[in-house]
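Here are some short exercises on helix packing and aromatic pairs. Try each one yourself before you read its solution.

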Amino acid sequence: GFGLDILSRPVEFEAATAQLSRDPIYQLLVGLMSIPINALSYMSLSNIGLRRAAGHDLRVRDAFPMKGLLKSMQLLLLLWPLGILGAIHPLAGLLTLPLYLCMFWVPAVLLDREEVSIFQAIKLSAQLTRHTWSFLLVNVALVIATYVVTACSLGIAFFWLLPWLASIYGVAWR
């Protein structure tokens, strides 16, 4: 029901988009459509960060890791309900934070390996990061803060943010 004429009426446009964003079918479709893009960016950023932290040369195929992309999409599908819980009530989002961090912090190296399942990668990730929870929480807080800065700069800071996030990820796993 959006026409070009509604763009000239900002109050009506904002009301229409607010109503659309509350629609559960809209949220479902947007969430499902964003999973492949998020999986590719997650895999590429983590691969580049891990290779940089290890001192290896960067290759083009590190930015487009198609081998573990399907597992990464499955991991994001597992994370997706946790995000919806946070949208329902903020307390539910806080209660799921430790599980979310264990699942999100799975290194792409584990997802690229064929002999490791997603749940084995999550378990190994939780074992490897059990002593670094404070570091993880500080990193998550910094990432959220930098996303806010990126939004305030109309996306210009995004070009600085991506290499920084990749480096932080690689250093954390090193």
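Three exercises with worked solutions follow.

This is a predicted model, where local features need pLDDT of at least 70, side-chain atom pairs count only at pLDDT 80 or more, and totals for chains, interfaces and linings use all residues. Residues are numbered from 1 along each chain as its sequence is written, and side-chain values use heavy atoms, with hydrogens and water left out.

**Exercise 1. Take stock of the chain: how many helices and strands does it have, and what percentage of its residues is buried?**

Step 1: The chain has 10 helices and zero strands (DSSP runs numbered from the N terminus: H or I of at least four residues for helices, E of at least two for strands).

Step 2: Of the 174 residues, 29% are buried (under 20% relative accessible area; exposed is over 50%, partly exposed in between, with a 1.4 Å probe and protein chains only).

Step 3: Take the contacts (heavy atoms within 4.5 Å) between residues at least 6 apart in sequence; 63% of them join residues at least 24 apart.

**Exercise 2. Describe how α10 packs against α2 and against α9.**

Step 1: Helix α2 (residues 24-54) meets helix α10 (residues 158-173) at an angle of about 60°, and their axes are 7 Å apart. Axes are lines fitted to C-alpha atoms, for helices over the stretch in contact, and angles run from 0 to 180 degrees between N-to-C directions.

Step 2: That angle makes α2 oblique to α10 (under 35 degrees is roughly parallel, over 145 roughly antiparallel, 65 to 115 roughly perpendicular, the rest oblique).

Step 3: Residues in this contact include Tyr42, Leu45 and Ile48 of α2 and Leu162, Pro163 and Ala166 of α10. By class, the contact has 11 nonpolar, four polar and one charged residues (Ala, Val, Leu, Ile, Met, Phe, Trp, Tyr, Cys and Pro are nonpolar; Asp, Glu, Lys and Arg are charged; the others, Gly among them, are polar).

Step 4: Helix α9 (residues 133-152) packs with α10 at about 175°, with axes 10 Å apart. The two helices are therefore roughly antiparallel. Among the residues in contact are Phe135 and Leu142 of α9 and Trp160 and Trp164 of α10.

**Exercise 3. How many aromatic pairs does the count give?**

Step 1: The count comes to one aromatic pair (Phe, Tyr and Trp rings, six-membered for Trp, with centres within 6.5 Å; planes under 30 degrees apart are stacked, over 60 edge-to-face, the rest tilted).

Step 2: The rings of tryptophan 160 and tryptophan 164 have centres 5.8 Å apart and planes at 15°, so the pair is stacked.

Step 3: The two are four residues apart in helix α10, so about one helical turn separates them. Tryptophan 164, at 23% relative accessibility, is partly exposed.
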